[in-house]
Amino acid sequence: MVDKLETLEMAALSNNIPIIQKDGLEFIKDYILKNNVKTILEIGSAIGYSSIAFALIKDDIHVTTIERDNNRFEEAKKNIKSFKLEDKILIYNCDAFDYIDNNKYDLIFIDAAKAQYIKFFEKFKNNLSDNGVIITDNLKFHGLVEHPENTHNRNTKQLVGKIRKYIDYLKNNKEFNTIFFDIGDGISISKRKRV
Ligand code: SAH
Ligand code: MG
């Protein structure tokens, strides 16, 4: 039974499950604590590593997380149970685009298919609470966003292009201000502009 975060991290890494990097995770945990974040919506649970880490920060933090892959969902569910966090983490097995939710969240964490980042942002910005933020992971994509010449794989090149488009979209966004952080695999924090 896995009930330690380090064990879960090692299990993910040895199975090639793309969990958030450690310093990126610490950065987001710090944001959650300092900004009194209570409710989190995560797009992309994988095996539950980041949602478990968020839920463990404080008693009054609740996470809703979505995973479309059946095997990962089952694995995440098992892990959430091992950590006895069933009351704090709600997990859904569906595609984020089919997911309907009218709740508001203090933090929306976009950590799913990189090609869809703009679409995720557009859909889930409606679920932000007044001071809520959208945090996005993997904006550096292992350094390839800055150095696309380092890959010759066509799919990877296409993905890099999509991430760049997302970064431009955030930079030029009329509704949101975004700050970019060179931490982990590249993280952004977007907050609605005040009128
Ligand atoms: N947040 C996790 C890692 C998530 S990896 C952690 O740090 O521990 C990204 C996950 O997003 C993958 O498991 C993938 O299956 C899932 N995913 C990708 N596109 C999705 C979509 N449209 N809806 C739901 N899940 C999606
Ligand atoms: Mg990630």
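Is Asp-111 buried or exposed? In this predicted model, Asp-111 has a relative accessible area of 13% and is therefore buried, since the cut-off for that class is under 20%.

## The magnesium site

The magnesium ion (ligand 2) takes its protein donors from Asp-111 (OD), Asp-137 (OD) and Asn-138 (OD1), which lie 2.1 to 2.2 Å from the ion. Along the sequence these donor residues follow the spacing D-x25-D-N. Asp-111 belongs to the loop between strand S4 (105–110) and helix H5 (117–124), while Asp-137 belongs to the loop between strand S5 (128–136) and helix H6 (154–171), so the pair ties together parts that are 26 residues apart in sequence. Asp-137 also counts as buried, with a relative accessibility of 3%.

## The largest pocket

The largest pocket encloses about 680 Å³ of space, and of the 36 residues that line it, Pro-18, Ala-46, Arg-72, Asp-111 and Ala-112 are the closest to its centre. The magnesium donor Asp-111 is thus named in this group as well.

Helix H1 (5–14), helix H3 (49–55) and H5 each contribute at least two residues to this lining, which by class consists of 18 nonpolar, seven polar and 11 charged residues.

## The second largest pocket

The second largest pocket has a volume of about 270 Å³, and its lining includes Leu-139, Lys-140, Arg-164, Phe-180 and Asp-182. H6 and strand S6 (176–181) each supply at least two of the lining residues, with H6 giving the most, at three residues. By class, six residues of this lining are nonpolar, one is polar and five are charged.

Note on methods:
Residues numbered from 1 in each chain as written. Chains lettered and ligands numbered in written order. Predicted model: local features only at pLDDT ≥ 70, side-chain atom pairs only at ≥ 80, totals over all residues. Heavy atoms only, no water. Donors = N, O, S within 2.8 Å, 3.2 Å for Na, K, Ca; no water. Helix = DSSP H or I, 4+ residues; strand = E, 2+ residues; numbered from the N terminus. Buried < 20%, exposed > 50% of the residue type's maximum accessible area, 1.4 Å probe, protein only. 1 Å grid on protein atoms, 1.4 Å probe; cavity = no way out; pocket = protein on both sides within 12 Å on 5 of 7 lines; lining within 4 Å. Points joined across faces, edges and corners; volume = space filled by probe spheres on them. Nonpolar A, V, L, I, M, F, W, Y, C, P; charged D, E, K, R; others polar.
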